[in-house]
Amino acid sequence: MAGSKEIRNKIKSVQSTRKITKAMEMVAASKMKKAQDRMRASRPYVDRVFDIAMHISRANTEYKHPFLVKRGQVKRVGAILITTDKGLCGGLNTNLLRLMMARFKEWRAAGIEVDFVAIGNKGLGFLNRMGANIASSVVQLGDRPRLDRLVGPVKVLIDKYLEGGIDEIHIFSTNFVNTMKQEPRQIRIVPIPEEYRSAAGELRTVHTAEGSWDYIYEPDARDLLDGMMRRYMEAVIFQMVNENMASEQSARMVAMKAASDNAAKIIGELQLIYNKTRQAGITKELSEIVGGAAAV
């Protein structure tokens with residue numbers, strides 16, 4: 001059994017660790033509220049943008065934007081992987097990377113090549129280790145996403161799609177459900193999907209028969225659709241990063257609370273062992289004193 005001094009040192013070490021995890025829990029709780037407010041504020045806008053884009057994709061438009069046209073055969077896809085820059089957030093990144101790897105293996109088995117855009121340091125490191133083809137990346141986004149930093153890396157995939165180099169663009173991100181639950185998910189954003197499950201879990205789809213109606217455009221369809229599709233991409237990317245940041249802070253708060261609780265439990269167990277060791281030492285000393293007095 002370890003001596004009293006070693007046990008005291010262990011207790012001090014665990015107490016120091018608990019102070020750190022408790023502080024991180026409080027910081028994450030503060031950031032989580034702000035991140036959730038930003039995420040919830042932008043959800044209605046993104047859902048409406050998705051609705052409009054889906055309606056346009058089913059309309060008999062005078063100008064077909066490339067985002068609205070499905071390719072006959074998919075030979076190469078683009079994947080945007082959104083992860084965190086920092087760790088200590090439980091299994092948030094692990095669950096997302098597991099989903100991405102499963103889909104990546106399906107693509108490779110079907111002979112489909114994949115170009116990645118990594119948003120977040122954890123995803124970039126994972127893709128580098130697996131030897132994936134990384135078209136672009138952006139890391140160290142901070143606590144508040146900035147659209148100007150996100151558009152550049154994603155534009156690399158968009159340009160490839162418009163040039164015919166890739167046939168689809170998918171996003172892998174974590175969807176915020178509530179503070180205790182975050183779900184990894186994959187959605188296809190280009191070409192425009194036939195249905196879309198919103199962050200709130202609502203399934204959105206267009207029930208109008210394809211080509212049975214159209215919009216009236218002013219000044220012309222090309223300018224309006226190009227602008228609309230650009231806003232569509234920006235809104236989707238920005239919202240997914242917002243969802244991921246809210247999920248990150250929630251997962252980190254829960255993980256740090258669990259770590260603080262475990263540290264408190266370990267401190268209690270070590271304190272009990274220390275008391276037993278101390279009592280055993282006192283008993284031994286008393287026995288030696290009594291034995292010495294009896295010998296005299």
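## A look through the predicted chain

The protein chain of this predicted model has five helices and seven strands, where helices (H or I, at least four residues) and strands (E, at least two) are DSSP runs numbered from the N terminus. Read from the N terminus, the elements go α-β-α-β-α-β-α-β-β-β-β-α. The radius of gyration is 28 Å, well over the 19 Å from the globule rule for 296 residues, so the chain is more spread out than a compact globule. That radius is taken over C-alpha atoms, and the rule is 2.2 Å times the number of residues to the power 0.38. The C-alpha trace spans about 115 × 40 × 30 Å along its principal axes.

A word on conventions: residues are numbered from 1 along each chain as its sequence is written, and side-chain values use heavy atoms, with hydrogens and water left out. Since the model is predicted, local features need pLDDT of at least 70 and side-chain atom pairs count only at pLDDT 80 or more, while totals for chains, interfaces and linings use all residues.

**Cores.** Of the 296 residues, 42% count as buried; buried means under 20% relative accessible area, exposed over 50%, and partly exposed in between (1.4 Å probe, protein chains only). The largest nonpolar core holds 40 residues, and those with the most contacts inside it are Ile80, Ile119, Ile169, Ile171, Ile189 and Tyr232. Such a core is a set of buried Ala, Val, Leu, Ile, Met, Phe, Trp, Tyr and Cys residues joined through side-chain atoms within 4.5 Å. Helix H1 (4-58), S1, S2, H4, S4, S5 and H5 each give two or more residues to this core, and H5 has the largest share, with 12 residues. A second, separate core has 16 residues, including Val77, Met100, Trp107 and Val114.

Ile169 makes a handy example: leaving out residues up to four places away in sequence, Ile169 touches Gly78, Ile80, Leu157, Ile158, Tyr161, Ile187, Arg188, Ile189 and Val190. Contact here means heavy atoms within 4.5 Å. Among contacts in the chain between residues at least 6 apart in sequence, 76% join residues at least 24 apart.

**Helix H4.** At 1.5 Å a residue, the 17 residues of H4 (residues 147-163) should span 24 Å, and the end C-alpha atoms are indeed 24 Å apart; the expected span is 1.5 Å times one less than the number of residues. H4 still has a kink of about 35°, centred on Val154, with the bend taken as the angle between axes fitted to the seven residues ending there and the seven starting there. Leu150, Pro153, Val154, Leu157, Ile158 and Tyr161 are buried in H4. The buried residues of H4 pack against strands S1 (76-82), S2 (113-119), S3 (133-138), S4 (168-178) and S5 (181-190), and against helix H5 (221-295).

**Backbone oddities.** Most residues other than glycine have a negative phi, and most peptide bonds are trans. These spots are worth a look:

| Residue | Backbone value | Place |
|---|---|---|
| Leu88 | positive phi, about 60° | loop between S1 and helix H2 (92-109) |
| Gln140 | positive phi, about 55° | loop between S3 and H4 |
| Gly164 | positive phi, about 90° | just after H4 |
| Pro191 | cis bond from Val190, omega near -10° | loop between S5 and strand S6 (195-197) |

Leu88 is exposed, with a relative accessible area of 52%. Lys19, placed in helix H1, also counts as exposed, at 64% relative accessibility.
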